[in-house]
Amino acid sequence: MTTDQDFEIFVVTAPGLEAALCAELQAAGFRDPTPGLGGVTIRGGWPEVWRANLTIRGAVRVLARVAAFRALHLAQLDKRARKVAWSELLRPDVPFRVEASCKASRIYHAGAAAQRIERAIREELGAPVSKEAEICIKARIDDDLCTISVDTSGESLHKRNHKDAVHKAPMRETMASLFLRQCGYDGTEPVVDPMCGSGTFVIEAAEIAIGLQPGRSRSFAFEQLASLDPAAWQELRGAGGGATAGPASPAIRFHGSDRDAGAIAMSRANAARAGVADLTEFRHHAVSDLTPPDGPPGLVIVNPPYGGRIGEKKPLHPLYQALGQTLLARFSGWRVGIVTTDAALAQSTGLPFETPAAPVLNGGLRVTLHRTGPLP
């Protein structure tokens with residue numbers, strides 16, 4: 001596979017956010033974005049793989065689909081796996097591992113399938129197998145069709161290397177960016193998070209406003225592949241790695257507050273590491289003390305506590321009521337987005353919500369984004 005080749009690329013996101021990710025990929029000029037279960041398929045070559053990893057905020061990982069063939073039994077899988085041009089993909093000096101899954105296929109033992117593909121690559125290429133390898137080959141055998149992908153990201157893309165400190169029940173950056181998108185945020189208005197935790201929504205909003213690339217401070221698995229063109233990658237990284245002239249005027253600021261002083265200290269440190277300390281402001285106070293910043297209205301977005309178990313939710317209703325009362329009294333013209341597991345909690349704010357977005361899995365819980373139009 002050369003750098004100018006064209007293949008299918010699968011950009012993974014949290015189930016429920018596929019349409020929002022598809023809109024982001026479309027806006028970024030990727031070809032043929034098509035939403036599917038758990039992600040969006042695009043077409044392109046290795047430069048598109050690099051660009052998706054570096055620039056797409058809602059992507060959790062990027063899989064390059066490098067081969068597909070039918071395999072009815074393990075011997076056939078072995079034979080066909082050896083025909084893949086591994087030397088164009090993998091380096092013989094870099095360790096790799098294989099993960100397999102089987103569904104509705106005559107090959108039903110995923111462990112045996114992974115071992116056959118590992119052995120085929122090792123014998124054809126000479127690369128070492130390691131359970132800890134960052135390079136992961138994923139084989140999906142579905143209805144006897146084996147699709148082979150390379151995970152080009154490595155660590156999940158929500159790990160952007162700007163957040164040392166996380167608050168309990170943190171919102172992942174990838175998810176926060178797509179919730180912002182679903183609320184209509186485009187980088188040109190102020191954002192307020194009155195329960196900011198470790199500052200994720202506020203920092204994401206500020207980065208979007210000044211055009212900082214989400215992957216600017218981290219490395220990726222594809223940097224260890226044979227398909228990497230180091231000069232082209234450095235050029236792409238140089239062109240998009242730092243601040244670009246984003247749509248924000250410096251007059252716009254991004255505001256977080258929390259009743260936990262530790263959360264405020266964390267948010268400030270995280271904003272400084274992300275390079276947006278000058279655009280963000282974090283204050284220590286309760287929801288009832290929240291006032292809108294000077295200037296035009298924008299978006300209030302919040303991920304309040306939602307109590308994991310039955311019985312933990314009842315004490316939260318007064319908190320949601322206080323939030324709703326404060327916003328209705330003081331935030332005329334602002335839109336609101338609230339992420340919660342429980343429609344009854346959202347309703348107790350008294351806010352005029354539109355039809356909610358599709359539920360999304362977040363850390364094993366189903367959360368839903370409830371949105372309003374501009375408040376009266």
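Q: Which element gives the most residues to the lining of the largest cavity?
A: In this predicted model, local features need pLDDT of at least 70 and side-chain atom pairs pLDDT 80 or more, while totals for chains, interfaces and linings use all residues. Numbering starts from 1 along each chain as its sequence is written, and side-chain values use heavy atoms, without hydrogens and water. With four residues, the element that gives the most to this lining is α7.

Q: Which residues line the largest cavity, and what is the volume of this cavity?
A: Arg160, His162, Lys163, Glu173, Thr200, Ile203, Glu204, Glu207, Asn270 and Ala274 form the lining (an atom within 4 Å of a cavity point, on a 1 Å grid where a 1.4 Å probe fits but cannot get out). The elements that give two or more residues to it are α7 (200-210) and α9 (261-274), helices being DSSP runs of H or I of at least four residues and strands runs of E of at least two. The volume, taken as the space filled by probe spheres set on the grid points, is about 90 Å³.

Q: What is the volume of the second largest cavity?
A: The structure holds two cavities of 30 Å³ or more. The second largest is lined by Asn53, Ile56, Arg57, Ala59, Leu157, Arg160, Thr174, Pro214, Gly215, Arg218 and Phe220. Its volume is about 50 Å³.

Q: How are helices α1 and α6 oriented to each other?
A: Helix α1 covers residues 18-27 and helix α6 residues 173-182; their axes (lines fitted to C-alpha atoms over the stretch in contact) come within 9 Å and cross at roughly 85°. The two helices are therefore, on the convention of 65 to 115 degrees, roughly perpendicular.

Q: Which residues of α6 make the contact with α1?
A: Contact means heavy atoms within 4.5 Å. From α1, the contact is made by Ala20, Leu21, Ala23, Glu24 and Ala27. From α6, the residues are Leu178, Arg181 and Gln182.

Q: How many residues apart in sequence are the parts tied together by the salt bridge of Arg43 with Asp6?
A: The whole structure has 20 salt bridges (a Lys or Arg side-chain nitrogen within 4 Å of an Asp or Glu carboxyl oxygen). In the one between Arg43 and Asp6, the closest N and O atoms are 2.9 Å apart. Because Arg43 lies in strand β3 (residues 39-44) and Asp6 in the segment before β1 (7-12), the pair ties together parts whose separation in residues is 37.

Q: What distance separates the C-alpha atoms of Asp143 and Ser105?
A: Asp143 is found in the loop between β6 (135-142) and β7 (145-151). Apart from its neighbours within four places in sequence, Asp143 is in contact with Arg70, Lys103, Ala104 and Ser105. Asp143 and Ser105 are 38 residues apart along the chain, yet their C-alpha atoms are separated by 4.7 Å.

Key
Axes fitted to C-alpha atoms, helices over the stretch in contact; angles between N-to-C directions. Parallel < 35°, antiparallel > 145°, perpendicular 65-115°, else oblique. 1 Å grid on protein atoms, 1.4 Å probe; cavity = no way out; pocket = protein on both sides within 12 Å on 5 of 7 lines; lining within 4 Å.
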